[in-house]
Amino acid sequence: MVKLILASNSPRRKKIMSDLGLDFEIIPSNYDEKLETDIFSYDLIEDLATKKALDVVKRTDKNAIVLGADTVVVLHNKILGKPHTKDNAFKMLKELSGQTHSVVTSLCGINTKINRAALISTTSYVRFNELTDEMINYYVDTFNPLDKAGSYGIQELPPNYIDKYEGSFENIVGLDPDAIKKVLLQLDYKI
């Protein structure tokens, strides 16, 4: 039986995979995901997801499917990464206030047994309400925005922060279940 490996330590991605009923193990990627540019392109994000998967492929046996993923928040074609400080988180949320942005997750699966890869990107859209400084400070102080692209996790935002979203909710959280199924199907993994 081929082993399924998630190349991510994200509790959100782990939950999405578990909710699909998949039997998998976690081997986090050590790939340094520092971007050379903050200008968005699908190639850039798909390359990151692929390199994360390849990092784990190098450290696993030859009978596995490794899933690597990368999620970015994009506003006006600019990538908003993880903020690293509360000040940066505040600034990012201030930029997103009253705006519609996209959330793109690229998923790369590599089947080491048959030497095949599959890659898919999913895009969802989120429109924030106008956020006051108090609302932003409350979110930054109450939740942990530092490990999240764009400084927020949609699943934990108070109800009055979001006007609407379009597309896959789970994609915004970090991994689209339909993308997982499609990638695994292309890699001959039976769900």
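Is S151 buried or exposed? S151 is buried, since its relative accessible area is 0%. That residue returns in one of the close-up views below, which show a predicted model.

**View 1. The largest pocket encloses about 740 Å³ of space.** Of the 35 residues that line this pocket, E33, K52, D70, T71 and K82 are the closest to its centre. Several elements each supply at least two residues of the lining: α1 (11-19), α2 (42-57), β3 (64-75) and α5 (169-173). Strand β3 gives the largest share, with 5 residues. If you like to think in terms of chemistry, the lining divides into 14 nonpolar, 11 polar and 10 charged residues.

**View 2. The structure holds 1 cavity of 30 Å³ or more.** The volume of the largest cavity is about 30 Å³. Its lining is made by T105, L107, I120, T122, N171, L175, D176 and A179. Two elements, β5 (100-111) and β6 (116-128), give two or more residues to that lining. By type, the lining of the largest cavity has 4 nonpolar residues, 3 polar residues and 1 charged residue.

**View 3. T105 sits in strand β5 and joins two other side chains through polar contacts.** One partner is the side chain of T71, at 2.8 Å. The other is the side chain of N171, at 2.9 Å. You may remember T71 as one of the residues closest to the centre of the largest pocket, while T105 and N171 both belong to the lining of the largest cavity. Where does T105 stand on the scale from buried to exposed? T105 counts as buried because its relative accessibility is 4%, and the cut-off for buried is under 20%. Leaving aside neighbours within four places in sequence, T105 is in contact with A69, D70, T71, I120, S121, T122, N171, G174 and L175.

**View 4. Strands β5 and β6 form a hairpin with 4 residues between them.** The two strands run antiparallel and are joined by 12 bridges. N111 stands opposite R116, a residue of β6. In the turn, look for N115, which lies in the loop between β5 and β6. N115 has a positive phi of about 55 degrees, although it is not a glycine. Most residues other than glycine have a negative phi. N115 is exposed, because its relative accessible area of 73% falls in the range over 50%.

**View 5. Strand β6 also pairs with β7 (residues 162-166).** How many bridges join these two strands? There are 4 bridges between β6 and β7, and the strands run antiparallel. Y125 stands opposite E166 of β7 here.

**View 6. S168 is found in the loop between β7 and α5.** A polar atom of the S168 side chain lies 3.0 Å from the backbone nitrogen of N171. This is the N171 whose side chain makes a polar contact with the side chain of T105. S168 counts as buried because its relative accessibility is 16%. Not counting residues up to four places away in sequence, S168 touches S124, D176 and P177. Of these, D176 is also part of the lining of the largest cavity.

**View 7. S151 has its place in the loop between α4 (133-142) and β7.** Here is the residue from the opening question, and its backbone deserves a look too. S151 has a positive phi of about 75 degrees, although it is not a glycine. With a relative accessible area of 0%, S151 is buried, whereas N115, at 73%, is exposed.

**View 8. T37 lies in the loop between β2 (25-26) and α2.** The side chain of T37 reaches the backbone nitrogen of I39 at 3.1 Å. T37 also touches L44 and I79, not counting residues up to four places away in sequence. Is T37 buried, exposed or partly exposed? T37 is partly exposed because its relative accessible area is 33%, which falls between the limits of 20% and 50%. For a wider view, find L187 as well: T37 and L187 are 150 residues apart in sequence and 31 Å apart in space, C-alpha to C-alpha.

How values were computed: Residues are numbered from 1 along each chain as its sequence is written. This is a predicted model: local features need pLDDT of at least 70, side-chain atom pairs count only at pLDDT 80 or more; totals for chains, interfaces and linings use all residues. Side-chain values use heavy atoms; hydrogens and water are left out. On a 1 Å grid over the protein atoms alone, a cavity is a set of points where a 1.4 Å probe fits but cannot get out, and a pocket is an open set with protein on both sides within 12 Å along at least five of seven lines; lining residues have an atom within 4 Å of a point. Grid points are joined across faces, edges and corners, and a volume is the space filled by probe spheres set on the points. Ala, Val, Leu, Ile, Met, Phe, Trp, Tyr, Cys and Pro count as nonpolar, Asp, Glu, Lys and Arg as charged, and the others, Gly among them, as polar. Two strands pair if DSSP finds at least two bridges between them. Buried means under 20% relative accessible area, exposed over 50%, partly exposed in between (1.4 Å probe, protein chains only). A polar contact is a pair of N or O atoms within 3.5 Å; within protein, one must be able to donate a hydrogen and the other to accept it, and residues adjacent in sequence count only if both atoms are side-chain atoms. Contact means heavy atoms within 4.5 Å.
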